[in-house]
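The report below describes a single protein chain, moving from its principal pocket to the overall fold and then to individual residues. Please read it alongside the sequence and the coordinates.

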Amino acid sequence: MRIAQRSRHGAAHRTANRALAAAVLTALLAVTAGCGGSTPAPTSPGAAEPGRSPELTTAPAGTVTMLASQPEGMAYDEKTDILAVAVRDSNRLLLVQGATGKTVRTIALPGHARHLQMGGPGGPVLVPAEDSNTFVSVALPGGQITQTPVGEYPHDAAQTASGRILVADERGGTLSLIEDGKVMDTFDQPTQPGGVAADGDTVAVVDVGAFTISTYDVSTSTLVGTEPAGAGPTHLVADGNGGAIVADTRGNQLLLFGLDPLAQRAAYPLPGTPYGIAYDRTARVVWVTLTAKNEVVGLDVSGSAPTEVARYPTVRQPNTVAVDPATGRLWVASRTTGQLQTIDR
């Protein structure tokens, strides 16, 4: 049955989501506590974070070059051959030519960004500038920017087929729906929205506080459904075939969902604290960084269950990955060393 709740009823749903997460956690603690004795009041483990990467023991695959301080957040546009990379100290967006690795343009940002997406072929780059409470749209290849005030601490954003953009305001517990550079609607059902991914006019949202995935129909501004999504999901990608692939970072697995109706299709164990995720829609391969192992893994998701097709050693702290679907080229950025790794397959 389709659930369609307008955003003005979001407070009730948000409270219910929090209660559900607390109830699940309480039950888990009760089981692990066993019989006898008193159990302290449960506390939420909070949002999952990337693993702390160890020192390198294997040389990274491909070519490694210095880029800039603290790169985190990448997205590639094959139409312009631009790899967009968000860096800090100072907060900037670098536009890197994919073929050469040369930075061709630098754009100042009003705040730091952790995750980027492309709005479509030819851009724009979708940049949630977290600590400025601002969403920034950056045109390609020229770099012209449009800024839109949104909710507290925008973390990720996705553009739908209609051109509307849904921004996850992580610390505000809201989703901002943008059209023509202005917020046209706000959803307040989430507890702590993290990753978002668009499939047509449906947007899937991972709640990193409630450990759920939800779908929204932005054409009608409705919440469609919500399902559990592991022990600590962070980010996701749409697979272009009516599904979404979620990195359950704390749960050390990938979760595959169908979006209509919203339901889990498969789970794939992936030890190593999976975090960064990118999708090659041509090969139907999802690439995931294992932050606790300094590795990136490719999984073919064209069948009923994922199949590993490649695994490469990476630079240290590989929080971010991007892929060129035309060539299969991979880029991995090191949050620790400021290096950019290029892997030609």
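How many nonpolar, polar and charged residues does the lining of the largest pocket have? In this predicted model, the lining of the largest pocket has 22 nonpolar residues, 13 polar residues and seven charged residues.

**The largest pocket**

The largest pocket holds about 1,100 Å³ of space. Its lining is made up of 42 residues, and those closest to the centre of the pocket are Gln117, Met118, Val237, Tyr279 and Arg281. Several strands each supply at least two residues of this lining, namely S2 (74–77), S6 (117–118), S10 (154–159), S14 (193–199), S18 (233–238), S22 (274–280) and S26 (320–323). Strand S22 provides the largest share of the lining, with five residues.

**The enclosed cavity**

Apart from the open pocket, there is the matter of enclosed space. A search of the whole structure for cavities of 30 Å³ or more finds one, and the volume of this largest cavity is about 70 Å³. The residues that line the largest cavity are Ala47, Ala48, Glu49, Arg114, His155, Glu170, Gly194, Val208, Thr234, His235 and Tyr275. By class, the lining of the largest cavity divides into four nonpolar, four polar and three charged residues.

**Overall fold**

The secondary structure of the protein comes to 28 strands and one helix. Of its 345 residues, 53% count as buried, and the protein exposes an area of about 14,100 Å², of which carbon and sulfur atoms supply 51%. Among the contacts in the protein with a separation of 6 or more, 44% are accounted for by residues 24 or more positions apart.

**Contacts across the sequence**

The count of aromatic pairs comes to three. In one of them, Trp287 and Tyr312 are stacked, with 6.2 Å from centre to centre and 20° between the planes. This pair links distant parts of the chain, since Trp287 belongs to strand S23 (residues 285–290) and Tyr312 to strand S25 (residues 307–313), 25 residues apart. Trp287 has a relative accessible area of 1% and is therefore buried, the limit being under 20%.

Thr342 lies in strand S28 (residues 339–343). With up to four places on either side in sequence left out of the count, Thr342 touches Ala61, Gly62, Thr63, Arg329, Leu330 and Trp331. The relative accessible area of Thr342 is 19%, so this residue still counts as buried under the 20% limit.

Two further residues can be described by C-alpha distances. Asp217, in strand S16 (residues 212–217), is 57 residues from Thr160 in sequence, while the two are 9.8 Å apart in space, C-alpha to C-alpha. Because its relative accessibility is 15%, Asp217 counts as buried. Gly181 is found in the loop between strand S12 (174–179) and strand S13 (182–187), and it is separated from Arg164 by 17 residues in sequence and by 9.3 Å in space, C-alpha to C-alpha. Because its relative accessibility is 30%, Gly181 counts as partly exposed.

**Backbone geometry in the loops**

Most residues other than glycine have a negative phi, and most peptide bonds are trans. Against this background, the following backbone features deserve a look.

A cis peptide bond joins Gly123 and Pro124, and Pro124 is found in the loop between S6 and strand S7 (125–129). The peptide bond from Leu140 to Pro141 is also cis, and Pro141 is found in the loop between strand S8 (134–138) and strand S9 (145–149).

Asn133, in the loop between S7 and S8, has a positive phi, as does Asn252, which lies in the loop between strand S19 (243–248) and strand S20 (253–259). Asn133 counts as partly exposed because its relative accessible area is 32%, and Asn252 counts as partly exposed because its relative accessible area is 28%.

The angles are set out below.

| Site | Angle |
|---|---|
| Gly123–Pro124, cis peptide bond | omega about 5° |
| Leu140–Pro141, cis peptide bond | omega near 0° |
| Asn133, positive phi | phi near 55° |
| Asn252, positive phi | phi near 50° |

How values were computed:
Residues numbered from 1 in each chain as written. Predicted model: local features only at pLDDT ≥ 70, side-chain atom pairs only at ≥ 80, totals over all residues. Heavy atoms only, no water. 1 Å grid on protein atoms, 1.4 Å probe; cavity = no way out; pocket = protein on both sides within 12 Å on 5 of 7 lines; lining within 4 Å. Points joined across faces, edges and corners; volume = space filled by probe spheres on them. Nonpolar A, V, L, I, M, F, W, Y, C, P; charged D, E, K, R; others polar. Helix = DSSP H or I, 4+ residues; strand = E, 2+ residues; numbered from the N terminus. Buried < 20%, exposed > 50% of the residue type's maximum accessible area, 1.4 Å probe, protein only. Contact = heavy atoms within 4.5 Å. Areas by Shrake-Rupley, 256 points an atom, 1.4 Å probe, with all protein chains shown as cover. Phe/Tyr/Trp six-rings, centres within 6.5 Å; stacked < 30°, edge-to-face > 60°.
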